[in-house]
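Hi,

Here is the structure I promised to pass on. Have a look at it first, and then read my notes below with the model open beside you.

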Amino acid sequence: MEQDSRDAACPGNDASDVVVVNLDLGNGDTDNGPAGKGYGGADINRALFKNEEEKKDEDGSDDDSGTYYYNTEASGTGLQRREPPSGGSSSLPDTFQTSHLLFYERFKAYQDYMLGDCKPSEVKDFTADYLEKTVEPCDWLALWSTDIFDVLVEVRDVEVKDLKARVRLVLPLQCDTRGVELHEEAMTSLLEATQHKVPLQELQVVYEESGDIDQTALALEHVRFFYKHIWREWDEEEEDDDFDYFVRCVEPRIRLYYDMLEDRVPAGLVAEYQSLLEKCSKCFQQFSALRSGLSADSDSELDNVSMVEGLKLCDQLESFKRKLRIIENPLLRYVLAYKGNTRQQCVQSRGPRASGAKVVHVVTASCNTVQLQSLLSARLIPLCSSEDTEIQFHREPVSAVDSCYQGDLVIVLPGMYSVSSSIFIPDSITIEGFGFPDEVVIEKKSKGDSFVESTGADVRLSNIKFIQHDAIEGILCVRQGTLNMENCVLQCDTTGVIVRTSARLTMNMCDLYGSKGAGVEIYPGSVCSLVGNGIHHCKDGILIKDFADQMDAMPSITMENNVIHNNEGYGVILVKPNSGEEPSIPVGRSEEHPDAHTQEEKQGGSLDHHLISTSFSTPPVSTTSSSSPSLPLLAGSAKNSSDGDAAASTGRKWQFSRQLSRNVEMSSQAVEDLKDHQIFVSFQGNQFKRNGMGDFGTFCY
């Protein structure tokens, strides 16, 4: 009855269009999810994510109307209450807590109810249809929240097409301000200036225990999150018939958001992604402004110059978007990651001490007399024969390394050392374990981008076992300089050893295992020598990356007498780009039948090798067709100019490269071997055993 009264009160609302679905949510059944976690209770979860049997109505038809309804007869709301933004002293009412939804909740809402299989140009219509079916049309309270104020308003009407609501102030005025003073007259004037319309994204629904308004609160949260974190202003100009907008853009961006939220993406990559978004947005705005000022019938010199500038902006825009897609795609993020690192965490090199003295840093929590006597006779007495050598004692390795200057020595006595921060090595020092690796163990349990990070010109590491937990970038990263590692054990959890561009790694007689990524990642332009190592039980053994950048040189790799075995993927895999002029032919595709390979949809999230072994492609696109609304206008201007043929040729070249950048083709295949590849300086005596996808493979992107 309350719903009927609301429908009668709303202007222009036709009661015959209202559909009420009564879901039998049951009482006390909590199998579908626990309540009280801040993400929605069991009842609301069942209403949101009911299975196919629950979607069917009484006459057996499958209701796929793109909406969901919360049972207003259930006992109260399943959502939690959120305190006012200003804390307990605020006079404003509480709102619904909807900002901490789980990945699965957002995923299902966008896939099943809001977006479905729409194209970018249809997003607004699908969103409007979703809001029309879920949002109460009028007579509910909300906080109009901006950066400056929060004010209580009453919603009189919802205009779903414009994503706006017609509101009026609740009197007496209830508001909180930040840095300004507002009164009733000022707020009234502000609303009059906006015709009493405010964006739906700026409305926070006032909390009600009845449960009648839960759908509205959730719907506004989904729209708010979508336009803040998912939608890009250039999306609407990209039509791709092979994959719908949800699969191509929405899902990978949601996954990336939660990966960043849960610290599964390196801090440097997060900063690079945000920077790329800003650059891409600025470039798109410049291009849009230039395009709107062009006339298709004009042949003036000014328009010709603008057209050429527009082509340059198009090319720059596509470059930004391609880099964004690489970071958003979990598979490409795994095989390519990123070239630079904008983090400022790497400490600066101290260089030699001003006094010229050398210090030996001894790390031990405690030691007995036998150990101390052995340390003195074997290491300290020979090292401290000169008067300018000093000995310092530390209880844990991080403080010892942080105290080092160039040329210092760190000796780690047997024991289990748990560290909470990363170990940065900016100077040329030596770190050695006094004993066997299994006796000298350094374990990192807290999260962080990397475990050990080396930037020193000549760093030496030996006789230590490293145990990694939750390090995002790997157990050891040689970012620059040279690292010589011998007789170490590396027990990985995420990624193994990373050798960045221009860095050098010599790894002898080491044992590396357990990486969920590659055991060793080798970047272009690096020098890597692997001799006598065991690399096993990883996703891939060794992953060699090639970005095809003109500034990147090929890596120089020496592999001798290594045993690479029991890896889930390949023993050695080379990642390389497809050439735009001579595209590589994925597995199962021949030159005579270029479209013979079936297209498969990737769900992402997992880095299982069924993803890597799948080819993703889009049908060939004619280079004379338009790939965006911007091209015809630019091409039209070119034809009317004195340099029309050259400009049109430039336009076709731009368009072809644009299609190549959009239709990224990814494929992997096993090859007989890579030992004859020019990246290998020496390749001999290596053994490959029981690698899941083969000993050698290539991945083309």
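Let me start with a strand pairing: β28 (residues 540–545) and β31 run side by side in the parallel sense, joined by four bridges. Within that pair, L543 has I573 of β31 as its bridge partner. Please keep in mind throughout that this is a predicted model.

β31 (residues 570–576) also has a partner in β35 (residues 694–700), again parallel, this time with six bridges. I573 turns up here too, standing opposite G697 in β35. As for how covered the strand is, six of the seven residues of β31 are buried.

Now the sheets. One is an open sheet of 10 strands with parallel pairing, and if you want to trace it, the order is β10-β9-β11-β14-β17-β20-β23-β26-β29-β33. Its edges are β10 (389–394) and β33 (680–684), each of which pairs on one side only. From one strand to its neighbour the average turn is 10°, direction ignored. For a closer look inside this sheet, try β17 (residues 459–462) and β20 (residues 482–486), a parallel pair held by four bridges; V459 sits opposite L483 of β20. Helix α12 (residues 369–383) packs on this sheet, where it touches β9 (358–363), β10, β11 (409–412) and β14 (430–433), and its direction makes about 170° with that of β11.

There is also an open sheet of eight strands, parallel in its pairing, with the order β12-β15-β18-β21-β24-β27-β30-β34. At the edges you will find β12 (415–419) and β34 (687–689); each has a single partner strand, so one side of each lacks a neighbour in the sheet. Neighbouring strands here are turned by 10° against each other on average, direction ignored. Inside this sheet, β15 runs parallel to β18 (residues 465–468) with four bridges between them, and E443 stands opposite I467 in β18.

Just along from there is a residue I looked at in some detail. S446 lies in the loop between β15 (440–444) and β16 (452–454). Is it buried or exposed? Neither quite: S446 has a relative accessibility of 25%, so it counts as partly exposed. Setting aside neighbours within four places in sequence, S446 contacts S420, S421 and H469. S421 is 25 residues away along the chain, yet the C-alpha atoms of S446 and S421 are 7.2 Å apart.

Last, the helices around α7. The axes of α5 (residues 123–134) and α7 (residues 214–230) come within 9 Å and cross at roughly 165°, which means α5 is roughly antiparallel to α7. The crossing is left-handed. On the α5 side the contact involves V123, K124, T127, Y130, L131, K133 and T134, and they meet Q215, T216, L218, A219, H222, V223, F226 and Y227 of α7. By type, the residues of this contact are eight nonpolar, five polar and two charged.

α7 also packs with α4 (residues 103–114), at an angle of about 100° and with the axes 11 Å apart, so α4 and α7 are roughly perpendicular to each other. Here E105, R106, A109, Y110 and M114 of α4 make the contact with E221, H222, V223, F225 and F226 of α7. The residues of that contact divide into six nonpolar, one polar and three charged.

Cheers

Conventions
Residues are numbered from 1 along each chain as its sequence is written. This is a predicted model: local features need pLDDT of at least 70, side-chain atom pairs count only at pLDDT 80 or more; totals for chains, interfaces and linings use all residues. Side-chain values use heavy atoms; hydrogens and water are left out. Helices (H or I, at least four residues) and strands (E, at least two) are DSSP runs, numbered from the N terminus. Buried means under 20% relative accessible area, exposed over 50%, partly exposed in between (1.4 Å probe, protein chains only). Contact means heavy atoms within 4.5 Å. Axes are lines fitted to C-alpha atoms, for helices over the stretch in contact, and angles run from 0 to 180 degrees between N-to-C directions. Angles under 35 degrees count as roughly parallel, over 145 as roughly antiparallel, 65 to 115 as roughly perpendicular and the rest as oblique. A crossing is left-handed if the near helix is turned anticlockwise from the far one by less than a right angle, and right-handed if clockwise. Ala, Val, Leu, Ile, Met, Phe, Trp, Tyr, Cys and Pro count as nonpolar, Asp, Glu, Lys and Arg as charged, and the others, Gly among them, as polar. Two strands pair if DSSP finds at least two bridges between them.
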